[in-house]
Structure formats: structure tokens, C-alpha cells
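Visitor: I am new to this structure and would be grateful for a close look at one part of it. Please show me the model before we begin.

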Amino acid sequence: MKNLRQPESGFSWFYQRFLNNHITILLLNIFLLLLVLNELMQNAWLLAPVWQFIGIAMPAVVVAGILFYVLDPLVHLMERRLHLRQGLAIAIAMIATAAIIVIIFLNLIPFLTKQTTGIISALPQFANDMLHNLNHLNQQHHWLSNKNLADINERVSTYFSKRGLNLLTGTLSSLGNVVTTVSDWIITIITAPLVLFFMLKDGTRFPHYISQVVPTAYRSRFVVMLDQMNVKVSSYVRGQLTVALCVLIIFTTGYSIIGLRYALLIGLLAGPLNLIPYFGSAIALVPALIMGVVTIPSMLLGVVIVYLIEWVLETQVLSPLIMGNSLAMHPITIVFVLLAGGKMFGLVGVIFGVPGFAVLKVLATTAFQWYQEYSALYPDVLPPDKLSQP
């Protein structure tokens, strides 16, 4: 757009240098956007129904989205290799997945209930064993005086006795809260398969459907942006789930070999925790160390060795082989994203912060590239419609 000249006007310099300026227009647009966001925040009640709808629908969408990235390659494989129709391939994949989940839960829930109840009831015994080991070490090395040791014994015994009782009573008292959340879980269980089916059926058409609301001149760029987001999220979800499963197997096998009690329970805890980048495995190490101290002090060495083996395999073999550098994010950036996500959104922010930031990064990069091409502030960057011109 050519600048309008008004040589006889007293405001020509102000108009050309300020009003008719790309940077000024950009800043004004940003200011108007922030003003609209501020008004929405001041009148949050206007968005209350929207947030309620999101709160109801989001769990089903998240569950369906995760299963979509897991099952979508399987559906395409059956279509290509077995020459099955799309609907039949989707039905087989969903039925097989549902059967596997039901079998795992039917066998896993009783075991986890038994193991958890055993740990809670054995807390006083764990305290006695830990105090016995502490007394034995103190007799050999004389780290603590008898008075301090007696005080530690009394505090530990009282804490674990009350803790075990509080866990049992708290479990019973929380049954009411569990009952109130059952309806939400039922809605999710019923809705997620429906959402998953349509994701698998029309997933490749979603960018086309969404792009219909975008101006025609920007549709191709918008579709490319959605494809980039999909690639980032899909590679991250599939890679993280695969690595988490491998970590679960490594920890369970290693702890079982060294004879650590409740090895499978600790391994099942370590697998989901590994979905938290960098910090998940370290958090999962804490219960293993506690169990090692309770069992035999020398067990600590075995726990540390298993953790180091898992860390080497994960960082040097599994993550580079499975994940690669799909997100193209520096480790320091990931750490700050985890800290910020955990501070703002808690555990949900920690788990979904990295893929969410990857999506925002693609959005910001696309917007900046568009601004480079059409702002005339970067003459070395031409719009796509001018690249083909001589």
C-alpha cells in the first residue's frame, strides 16, 4: 500500500512518520487485542458457560486425542497392508484397545489395591525396621548421641503410626468425593470412544474443515500450520508413551532382580511419572530409596545402580532413538516451560506444558513469518505470491 502524501497539510510529517507506519499499526493492533482481553477478564461471567463446557468436554477430548495418536498409525497400516475399509479397521483397532484396557484393569486393580493396602498397614513395621537399621548403623559409627537417637525413634514411630491411621480413615472419608466424581468419569468413558471414532475417521479432513473459516488468501498457510502442529504433538505423544512404557519395564525388572519389595508397584509409578520430562524418573526414585532404607541399608546401592542404568538407557538410547529432536526445543527451554506450567496449572501444566508450548511456538513462528512477508520491514523476505516472479 503506497503512502499518501499531503504536502500542503500541517500534519503530513506526523501522518507519514507515525499514523501511516507499519510498526504503529502493529502496536495499535496489539493494544486493541490486549484491551479486548482485559475486558473479557473484567467480565469473566460472560465466559463462564464456555469454561464449564470446556471443563466437561476436555477430559474426553484429551483421552480421545492420546488414543488417536496411538491408534492412527495402526488403522492406516491395516488399510494399506490388509486392504480393509476404514470403518472396519477403526472398529478392529478400537475393540482391540478396549479389550486390552479391560484385561489390564481387571488384573491390575486388585493387585494394586492389595499392594497399597499392604504398604499402608505395614507403615509401622517399616518404621521399626528403619529405626532398627538406624540403631545398627549408629552403634557402628556413633553418628548420634543416645538422647538424639531416642528422640528420632519416638518421632518416627509416632509419625508413621498416625500416618497409617490417617491414610486408612482418609480413604474411607474420601469415598464421598469419589462417588461425586464417578459421574464425570462415566461421561468421559462414554464420550471418549465417540470422539475417538470421528477423530480416526475424519482426522485427515479436520484441517480442511477448520480452514473454511479462514480467508481464502491465508488458507494454504493455515493448513500448513495445522499440519506442523499435528506433527509436533503426535511425535511427542507417541514418543513419550513409548519411553514411559520402556522405563516401567526397566525399573520393574531391575528392582525385581535386586529383590526390592513392591518392585512392580514402584515400576508402575515410575512409568507415568516419566511423562514429566527430566524430573519424572528422579521423583520415582524417592519411593524406591525409602523402600531400600526400610529393607536393608545396603539395598540403597542396588537402587542407585538400577536408576543409573535406567538413566543411561533412557537418555542415551531410548529418547534419541524414539523421540529424537522432534520438538526442536532446547533443554533449558523445556525446564522453564515445566516450571511455568507447574506454577500456573499444577500437574496438568507439567504434563501438557511441553506439547502446548510446541503448538504455541508453531503459531508464533507462522505469525512472524507472515508479518515478515507482508509488513515491508524485511525487504529480503518476499511474499509467496512474489517468489515466482522474475
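How many salt bridges does a search of the whole structure find, and which residues are linked in a network of salt bridges?

Guide: It should be said at the outset that this is a predicted model. A search of the whole structure finds 2 salt bridges. Lys201, Asp202 and Arg205 are linked in a network of these contacts.

Asp202 takes part in both pairings described here. With Lys201, the side chain of Asp202 forms a salt bridge at 3.6 Å, N to O. With Arg205, the side chain of Asp202 forms a salt bridge at 2.7 Å, N to O. A general remark applies to such pairings: side chains of opposite charge can pair when their charged atoms come close.

The three residues may also be described by their accessibility. Asp202 counts as buried because its relative accessible area is 14%, under the cut-off of 20%. Lys201 has a relative accessible area of 32% and is therefore partly exposed. Arg205 is likewise partly exposed, because its relative accessibility is 36%.

Close by in the numbering stand two aromatic residues, Phe197 and Phe198. By the rule applied to rings, the count comes to 3 aromatic pairs. One of them is formed by Phe197 and Phe198, which meet edge-to-face with 5.4 Å from centre to centre and 80° between the planes. Phe197 is partly exposed because its relative accessible area is 28%. Phe198, at 46% relative accessibility, is therefore also classed as partly exposed. Another edge-to-face pair joins Phe68 and Tyr69, with 5.3 Å between the centres and 65° between the planes. Both Phe68 and Tyr69 are buried.

A word on confidence is in order. The chain has a mean pLDDT of 77, and 72% of its residues reach 70 or more. Confidence is highest in helix H9 (residues 219-258), at a mean of 88, and lowest in helix H15 (residues 384-387), at a mean of 53. Over residues 1-10 the pLDDT is below 50, and this stretch has 7 contacts in the model beyond near neighbours in sequence. Residues 167-176 also stay under 50 in pLDDT, and the model gives them 3 contacts beyond four places in sequence. Where pLDDT is low, the predicted coordinates should not be read in detail.

Definitions and conventions
Residues numbered from 1 in each chain as written. Heavy atoms only, no water. pLDDT = per-residue confidence, 0-100. Helix = DSSP H or I, 4+ residues; strand = E, 2+ residues; numbered from the N terminus. Contact = heavy atoms within 4.5 Å. Phe/Tyr/Trp six-rings, centres within 6.5 Å; stacked < 30°, edge-to-face > 60°. Buried < 20%, exposed > 50% of the residue type's maximum accessible area, 1.4 Å probe, protein only. Salt bridge = Lys/Arg side-chain N within 4 Å of Asp/Glu carboxyl O.
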